[in-house]
Amino acid sequence: MSNYHPLTEQEAITLAQTHVPLLQQATSLTCREIGDGNLNLVFHIQDTDTSNSVIVKQALPYAKVVGESWPLTLDRARIESEALRIQGELCPELVPAVYQYLPELAVTMMEDLSDHVIMRSGLIAGNQYPYFAAHISEFLARTLFFTSDLGINQQEKKIQQGSFINPELCKITEDLIFDDPYTDSPNNQYNPAIQDVVDELRSDEELHLQVAKLRHQFLTHSQALLHGDLHTGSVFVTKQSTKVIDPEFAFYGPMGFDIGAVIANLLLNYAGQLGWMEEDQKRQAFQQYLLHTIQEIWTQFESKFRQLWKEHGVDRISAQPSFQDAYLTALLQDTLGFAGCKMVRRIVGLAHVADIDTIKQPELKEQAERLAIRIGTTLIKEHDRFHHIEQLMDKVQQLHAE
Ligand code: SR1
Ligand code: MG
């Protein structure tokens, strides 16, 4: 019989003390439940004598954001811990260290990153992260390349794929990102002031065609092991450091879905700054910083990915230069299409983002929502027309000026 039950704070302390050598001698441990995400319990445990600390994360058997009426597999804790292990081997500096995974309780114990902040909060506060583009492009290039058929033995990849069949979490994405926003779903939540935009999302057939194509890509294109939910709430940062957390949505899918998630969330912050930075000049400079970061992420990703392909490509035929060019152009287009879908869902779907949702002045919030939808729908409809990242910068500025 399963021993699974949601942990109390005291139980989380006992588990940490039992399994994490750093805390074994501790005599005075404190615990706080700090989970602010949509799905899990997160306990922060600290030794008050030494300040040593650890995170104990436990998956709940339902989606916390909705309640017990939405059951959810505990297997996602296994998927998360295995994905963290693989990402940790490929990019040790860019993910938290995992100390222990306890399958029966769906618990993962890992490095405490309390000296970092969640990137979404940092950006809302107007902070800049000069190494983020370098770090996240490294994370994306290495995790995507070395888990794809380009960088791993193709039989090995098929076996690894078997460990990352993640049907329930993929279903959340399929519904929340690629379906609900375009229909009258009971999951949707949105500002009534943008009802005209919502109606347009539901009736625009050209948009639906492109969303259907991207959804089909998501369902069928098992290109690489994805993080699967790489928004700015899944990234911890300081000025010098970047740590990617929370890969419970990991599965083998299209690479552009991860890269697009990062870009979408920077663009959501771009739109949200309409409600955060009052001074025009300051806001415009910050928005330029965000666009420059996006440009750097793609440019550095592309160059790192090409270099990995040159040095570690596993087969002869894919070394063909024109195949590589075509691959990267298609990847840029997928990336921008998925970015568009990820922007739209955060305005009209079930789960929103604080960058826009917590804007206090209603008229500024509405402006930000409208801009995000304008950028998102344009990226979805026109994703096949982009050949260079610079075209995205121009497009966003043009849409902002409208
Ligand atoms: C029911 S879960 C809602 C959202 O939270 C996660 O972070 C994913 O983005 C998911 O779509
Ligand atoms: Mg998450």
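**Figure 1. The two positions that UniProt lists for "binding site", Asp229 and Arg345, shown in a predicted model.** The listing comes from an unreviewed UniProt entry, which gives Asp229 and Arg345 under this feature name. Although the two positions are spread over 117 residues of sequence, they cluster in space, with a largest C-alpha distance of 13.0 Å.

**Figure 2. Close-up of Asp229 in its loop between strand 9 and strand 10.** The loop that holds Asp229 is preceded by strand 9 (224-226) and followed by strand 10 (235-237). Asp229 has 22 other C-beta atoms within 10 Å and is therefore buried, since the class begins at 20 or more such atoms. When residues up to four places away in sequence are left out of the count, Asp229 touches Ser234, Asp246 and Phe249.

**Figure 3. Close-up of Arg345 in helix 11.** Arg345, the other position in the UniProt listing, belongs to a helix that covers residues 321-348. Because Arg345 has 25 C-beta neighbours inside 10 Å, this residue counts as buried. Its contacts, again not counting residues up to four places away in sequence, are with Leu176, Ile177 and Pro181.

**Figure 4. Close-up of Ser114 in the loop between strand 7 and strand 8.** The flanking strands span residues 107-111 for strand 7 and 117-118 for strand 8. With 13 other C-beta atoms within 10 Å, Ser114 is partly exposed, as this class lies between the limits of 12 or fewer for exposed residues and 20 or more for buried ones. Ser114 touches His44 and Ser53, residues up to four places away in sequence not being counted. Ser114 and Phe236 are 122 residues apart in sequence, and their C-alpha atoms are 8.9 Å apart in space.

**Figure 5. Packing of helix 13 against helix 14.** Helix 13 comprises residues 362-382 and helix 14 residues 389-401, and the two pack at an angle of about 140 degrees with their axes 10 Å apart. That angle makes helix 13 oblique to helix 14, because only angles over 145 degrees would count as roughly antiparallel. The crossing in which helix 13 passes helix 14 is right-handed. Helix 13 contributes Leu371, Arg374, Ile375 and Thr378 to the contact, and helix 14 contributes Lys395, Val396, Leu399 and His400. By residue class, the contact of helix 13 with helix 14 consists of four nonpolar, two polar and two charged residues.

Methods
Residues are numbered from 1 along each chain as its sequence is written. Chains are lettered from A and ligands numbered from 1 in the order in which they are written. This is a predicted model: local features need pLDDT of at least 70, side-chain atom pairs count only at pLDDT 80 or more; totals for chains, interfaces and linings use all residues. Axes are lines fitted to C-alpha atoms, for helices over the stretch in contact, and angles run from 0 to 180 degrees between N-to-C directions. Helices (H or I, at least four residues) and strands (E, at least two) are DSSP runs, numbered from the N terminus. Angles under 35 degrees count as roughly parallel, over 145 as roughly antiparallel, 65 to 115 as roughly perpendicular and the rest as oblique. A crossing is left-handed if the near helix is turned anticlockwise from the far one by less than a right angle, and right-handed if clockwise. Two residues are in contact if their C-beta atoms, placed from the backbone, lie within 7 Å. Ala, Val, Leu, Ile, Met, Phe, Trp, Tyr, Cys and Pro count as nonpolar, Asp, Glu, Lys and Arg as charged, and the others, Gly among them, as polar. UniProt positions are given in the numbering used here, feature names are shortened, and annotations may be inferred rather than shown by experiment.
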